[in-house]
Structure formats: structure tokens, C-alpha cells
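Please have a look at the structure below. The text after it follows one helix and its neighbours.

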Amino acid sequence: MSEAAVEAIILAINALGCGILLFVSGVVQKIMNDMEPLEFKKFMNILGRAAMSDPFAVAIATIPLFAIVYYFVAFGFAHWWFTVGIVIWMIGASITKITNLPIYNWLGKPENTDPEELREKRRMLALGNASRAWITLLSVILMACQFSVEGTVAAAAACAIIAYPSLWLARKYMPTSQ
């Protein structure tokens with residue numbers, strides 16, 4: 001398999017993971033913020049079990065690790081845009097493992113039910129998830145620059161141009177619960 005093909009596969013998997021992270025930190029977090037503290041705790045435990053048993057989620061989380069090892073062994077570090085993207089992705093993943101795993105473990109303990117502590121854990125989790133999502137997006141952009149800096153800039157601009165009116169229309173025409 002060529003270096004460009006391996007880069008494209010890693011980039012695609014990273015982009016899928018980024019989409020999941022942006023969805024969780026944007027959409028799911030808003031739902032969690034509206035929950036009562038004990039509902040949040042119950043939801044997080046259900047979500048954690050479901051995510052750990054979902055083949056797609058597990059694959060998106062683990063395949064990049066094996067692919068990155070293969071990539072560096074087979075091709076080295078010559079493609080700087082791609083290498084920097086991988087390093088940024090690894091930093092983001094590491095930071096949130098350090099910050100979020102203790103929260104998940106704390107939420108899993110039945111005795112942890114204090115509403116104020118649960119609110120604080122929810123706030124910390126929101127910060128960790130948002131940080132990971134944006135760091136992962138940066139890594140996707142850097143990896144994509146390996147193929148074409150100009151193309152990546154054009155694609156990012158096109159996405160922003162398309163997304164803005166879509167968000168405006170969605171906010172204008174979607175019913176709200178309030």
C-alpha cells in the first residue's frame with residue numbers, strides 16, 4: 001500500500017472520530033447540561049457502556065493507533081504536515097484520557113451522588129470533550145494539508161460558508177421547547 005493511501009485511510013478515520021467528538025461536545029453536551037445531576041450520572045454510565053460495546057466507536061478509537069504505528073515504521077517521519085497532525089491528535093487524546101477517565105470512573109461509583117459535585121464533573125467533562133474535539137479538528141486539518149494546503153484551506157472555507165446559513169436556518173425554523 002502506498003504512503004498516500006495509508007495517509008488517506010488514517011485521515012478518514014481521524015475525520016470520522018472528529019465528527020463523533022464534535023457531535024458529543026456540541027449536541028450531546030447540551031442535552032447533558034439540561035439534565036438533573038443524577039440523571040446526568042445515569043446517562044453517562046449508560047453512554048459509557050454503550051460506547052464501549054459499539055463496534056464502530058471501538059474501531060474509530062483503536063484503528064488509528066495501529067495504523068499510525070504501521071505508518072511510521074513503513075514510511076518514517078518525512079511528511080511533516082501529516083506527522084504534526086498525528087502528534088497533535090495524540091496530544092489531544094492523551095490530555096482527555098488524563099482529564100476525562102477519572103471523571104468517568106468517579107461517575108461509575110454508586111456512592112458519588114452529591115448534586116454539586118456532579119455539576120462540577122459535568123462542567124469539567126464538557127471542557128475536556130470540547131478541547132478534544134477542537135484539537136482533533138486541528139489534527140485533521142494539518143493531516144489534510146499533507147495532500148494540499150490550498151485545497152485544505154478552500155475546503156475549510158467552503159464548509160464554513162455552507163455551515164453558516166444552515167445553522168441560521170436550523171435555528172430559525174426548528175421548534176424549541178421553550
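What follows describes helix α3 and its packing. This is a predicted model, in which local features need pLDDT of at least 70 and side-chain atom pairs count only at pLDDT 80 or more, while totals for chains, interfaces and linings use all residues. Residues are numbered from 1 along each chain as its sequence is written, and side-chain values use heavy atoms, with hydrogens and water left out.

Helix α3 (helices are DSSP runs of H or I, at least four residues, numbered from the N terminus) covers residues 55-75. Its 21 residues should span 30 Å at 1.5 Å a residue, and the end C-alpha atoms are 29 Å apart, which agrees; the expected span is 1.5 Å times one less than the number of residues. A kink of about 30 degrees lies at T62, shortly before P64; the bend is the angle between axes fitted to the seven residues ending there and the seven starting there. After α3 comes G76, with a positive phi near 80 degrees.

Which residues of α3 are buried? They are I60, P64, A67, I68, Y71 and F72, where buried means under 20% relative accessible area with a 1.4 Å probe, protein chains only. These residues pack against α1 (3-33) and α4 (80-107).

Contact means heavy atoms within 4.5 Å. Residues of α1 including V6, I10 and I13 meet a set in α3 that includes I60, P64 and Y71. On the α4 side, P64, L65, I68, Y71 and F72 in α3 meet F82, T83, I86 and W89.

Conventions:
Helix = DSSP H or I, 4+ residues; strand = E, 2+ residues; numbered from the N terminus. Buried < 20%, exposed > 50% of the residue type's maximum accessible area, 1.4 Å probe, protein only.
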